[in-house]
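Here's a quick briefing to read alongside the structure. It covers salt bridges and one pocket.

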Amino acid sequence: GEDEYFADGMTEDILTELSKIKDLLVISRTTIMKYKNTNKSLTEIGKELGVASILEGSIRRVGNRVRITGQLINATNDQHLWAEKYDRDISDIFEVQDEVASAIANALRIELSDEEAQMISSSQTKSVEAYDLYMKARALAYTYEISKYPEAINFYKEAIKIDSKYALPYAGIARVRMSQFYFQYMNTELAAMALAEAKEYAEKAVKLGPNEAETRFALGFYHNAITEYDKAFTSFKKAIFLNPSHAHAHDEIADVYVYKYGDFKKAIPWYKKALKRDPALVVSKWFQIELYLRMGQVKIASEIVKEVLVDHPNVIGV
């Protein structure tokens, strides 16, 4: 429905909270979305993704109420590890996200360190309205479709108007601007503006949210583009420390090995780590294609090309 972005956004953020737990490898939202209307059994899905537990649930928003159901299932034997229903006022959604993350850690018998507990409960904004705009923007940005970028940026900027200290929309703007810089480089005026704005917003994002993986990622993304590889590497490492399941940060470290050192052999395991966390991450696939071609392994490259064309027909660059 029309509130789908809200449910997807909250799902993503609960997964991000869980990613902060060092003992958990969390598979990304984009990959999980592929299973949205599937009739595969949880055991099959678990096998395909190489995961032991699956979090299943629904998020519904009706006016000012949010209804969340969640259940954690052991994918190997279909047993329930945890199940809970929340029916709350929308102003409580940040607390609910923390509760869900802590309850799941508990169900998996994971002891949270003080640091992890603190990271999970540090909410980036207190404004539900700003958060809502951020989720709208992110849903548009994640399509990787150029035509949707300007609208995404507008929503991010609206969120910042409401809460100027909210770090994540700044990181979001930097990311979209970097995508414009890469994909629309022929439009030199736009590309120059995009790069300048990416720098400004990424630096601001890190200042406002130094412990958010997304802000560190955004800054690294910028440094990688202007060939400041050491700074980029540091930023991505920091992002992975803050969120070990951040697929795209692993992908960018691979890029550093390729572009700074020309070391394809070191790069490929990082692309593989990225794709383990997010099998649907398009960029990792097409850089792998390029590397295999450059190493003369045409057969492997063409296999990946076939796969990508089936999975992502609307994305340019493949």
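At 36% relative accessible area, E158 falls in the partly exposed class. Keep in mind that this is a predicted model. E158 has a charged partner, so let's start with that pair and then move on to the others and the pocket.

**A pair within one helix**
- The partner is K161, and its side chain meets that of E158 in a salt bridge with an N to O distance of 3.3 Å.
- Both residues sit in helix α7 (residues 149-162), where 3 residues, about one turn of the helix, separate them.
- K161 is exposed, with a relative accessible area of 68%, whereas E158 is partly exposed.

**A pair between two helices**
- E214 and R175 also form a salt bridge, and their closest N and O atoms are 2.8 Å apart.
- E214 belongs to helix α10 (residues 213-225) and R175 to helix α8 (residues 167-183), so this pair ties together parts that are 39 residues apart in sequence.
- Are these two buried or exposed? E214 is buried at 17% relative accessible area, and R175 is buried too, at 13%; both values fall under the 20% cut-off for buried.

**Other salt bridges**
- K231 pairs with E228, with 3.7 Å between the closest N and O atoms.
- Here K231 counts as partly exposed at 48% relative accessibility, and E228 counts as partly exposed at 30%.
- Salt bridges also link E12, D13 and R138 in a network.
- How many salt bridges are there by this rule? The count comes to 18.
- As general background, side chains of opposite charge can pair when their charged atoms come close.

**The second largest pocket**
- The second largest pocket holds about 1,300 Å³ of space.
- It is lined by 46 residues, and the closest to its centre are T11, I32, L55, E56 and G57.
- Which elements give two or more residues to this lining? They are the helices α1 (4-19), α2 (29-33), α3 (42-49) and α4 (93-107), along with the strands β1 (53-62), β2 (65-74) and β3 (79-89).
- Strand β1 supplies the largest share of the lining, with 9 residues.
- By residue class, the lining of the second largest pocket splits into 27 nonpolar, 9 polar and 10 charged residues.

Technical notes:
Residues are numbered from 1 along each chain as its sequence is written. This is a predicted model: local features need pLDDT of at least 70, side-chain atom pairs count only at pLDDT 80 or more; totals for chains, interfaces and linings use all residues. Side-chain values use heavy atoms; hydrogens and water are left out. On a 1 Å grid over the protein atoms alone, a cavity is a set of points where a 1.4 Å probe fits but cannot get out, and a pocket is an open set with protein on both sides within 12 Å along at least five of seven lines; lining residues have an atom within 4 Å of a point. Grid points are joined across faces, edges and corners, and a volume is the space filled by probe spheres set on the points. Helices (H or I, at least four residues) and strands (E, at least two) are DSSP runs, numbered from the N terminus. Ala, Val, Leu, Ile, Met, Phe, Trp, Tyr, Cys and Pro count as nonpolar, Asp, Glu, Lys and Arg as charged, and the others, Gly among them, as polar. A salt bridge is a side-chain nitrogen of Lys or Arg within 4 Å of a carboxyl oxygen of Asp or Glu. Buried means under 20% relative accessible area, exposed over 50%, partly exposed in between (1.4 Å probe, protein chains only).
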